[in-house]
Amino acid sequence: MARRDKTNYYLDIADAVSERGTCLRRRYGAVIVNNDQIISTGYVGAPRGRQNCTDLGYCVRNQLNVPRGERYELCRSVHAEMNAIINAPREQMIGATLYLCGREADTDEYIKNSCCCSLCKRMIINSGIERVVIRDDDMNYRSIPVYDWVINDDSISGQFGY
C-alpha cells in the first residue's frame with residue numbers, strides 16, 4: 001500500500017475534524033501545522049454555550065436564501081479557521097500552514113472553489129500563518145501564500161463570496 005503524502009495526510013485530518021461541525025450548510029475543518037507538529041484544530045460551530053444550528057434545526061441564512069460568502073453577521077457559527085486560530089498561541093502560528101477541508105452538509109461532496117471568507121483571511125494574515133492549503137477533492141488541493149491576500153486586498157476590490 002502506498003503511503004499518503006504529507007499534505008493529504010493533514011487535509012485528511014482537517015476532513016475528520018470537520019465532522020464535529022454543527023452547520024447545516026457546510027462542514028469545514030481546519031488544522032494548523034508548524035514544523036510537522038499540529039498546533040491546533042477547529043471546526044464550524046456556535047460560540048461556546050450557545051445553541052448550534054443542528055440543535056435548533058434551522059439555519060437563518062438558509063431561511064433567508066443568503067448566497068454563499070455573504071451576510072456572515074447572520075450566521076450563528078464561528079468558522080473553522082477562526083476556531084483553530086483562537087485555540088493556538090500566536091508564537092506557534094508564525095510561519096505555520098493552515099490546512100482546510102470543506103464539504104457540503106447535505107451531499108457530503110467537497111465544496112467547489114472553496115476558500116476562506118474575507119474575515120477569516122484577515123485573521124489568518126494577523127495570526128502569522130504563512131500558507132493555506134485548501135482541499136479540492138480527495139487527492140487535489142491548492143496552496144495559497146497568505147501574502148497574496150495582503151497584496152490582493154479583496155476589501156478594496158469589493159469582491160464577495162469565497
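Which residues does Tyr43 touch, not counting residues up to four places away in sequence? Let me start there. This is a predicted model. In it, Tyr43 touches Val17, Ser18, Arg20, Gly21, Tyr28, Val78, His79, Ala80 and Asn83. One of those, Arg20, also makes a polar contact with Tyr43, side chain to side chain, at 3.3 Å. Tyr43 sits in strand S2. Is Tyr43 buried or exposed? Neither label fits: Tyr43 is at 27% relative accessibility, so it counts as partly exposed. Compare its position with Ile125. The two are 82 residues apart in sequence, and their C-alpha atoms are 19 Å apart in space.

Stay with S2 for a moment. S2 covers residues 37-43 and pairs with S1 in the antiparallel sense, over six bridges. To pick out one pairing, Val31 has Thr41 as its bridge partner in S2. As for side chains, there is a general rule. In a regular strand they alternate between the two faces of the sheet.

Now the turn. S1 and S2 form a hairpin, with two residues between them. Asn35 lies in that loop. Its phi is positive, about 50°, although Asn35 is not a glycine. Asp36 is in the loop between S1 and S2 too. Asp36 is not a glycine either, and its phi is positive, about 60°. How accessible is Asn35? Asn35 counts as exposed because its relative accessibility is 74%. Asp36 has a relative accessible area of 48%, so it is partly exposed.

Next, helix H1. H1 runs over residues 6-18, which is 13 residues. At 1.5 Å a residue it should span 18 Å; the end C-alpha atoms are 19 Å apart, so the two agree. At the start of H1, a side-chain oxygen of Asp5 comes to within 3.3 Å of the backbone nitrogen of Thr7. Which residues of H1 are buried? They are Thr7, Asn8, Tyr10, Leu11, Ile13, Ala14, Asp15, Val17 and Ser18. The cover over them includes S1, S2, S3, S4 and strand S5, residues 141-145.

On to the cores. The largest nonpolar core has 28 residues. Which of them touch the most other members? Ile32, Leu98, Ile124, Ile129, Val132 and Trp149 do. Several elements each supply at least two residues of this core. The strands are S1 (26-34), S3 (97-104) and S4 (131-135). The helices are H4 (80-86), H6 (118-127) and H7 (146-151). H4 gives the largest share, four residues.

Take Ile124 as a close-up. Leaving out residues up to four places away in sequence, Ile124 touches Glu81, Ile85, Leu98, Cys116, Ile129, Val132, Val146 and Trp149. There is also a second, separate core. That one has 11 residues, including Leu11, Ile13, Val31 and Tyr99. Two of those names came up earlier: Leu11 and Ile13 are among the buried residues of H1. Val31 is familiar as well, as the bridge partner of Thr41.

Last, the annotation. An unreviewed UniProt entry carries the annotation "domain: CMP/dCMP-type deaminase" for residues 5-146. In the model, that span is 30% helix and 24% strand. How far apart are its end C-alpha atoms? They lie 22 Å apart.

Terms used: Residues numbered from 1 in each chain as written. Predicted model: local features only at pLDDT ≥ 70, side-chain atom pairs only at ≥ 80, totals over all residues. Heavy atoms only, no water. UniProt positions renumbered as here; feature names shortened; annotations may be inferred. Core = buried A, V, L, I, M, F, W, Y, C linked by side-chain atoms within 4.5 Å. Buried < 20%, exposed > 50% of the residue type's maximum accessible area, 1.4 Å probe, protein only. Contact = heavy atoms within 4.5 Å. Pairing = 2+ DSSP bridges. Polar contact = N/O pair within 3.5 Å; in protein donor to acceptor, adjacent residues only side chain to side chain. Expected span 1.5 Å × (residues − 1).
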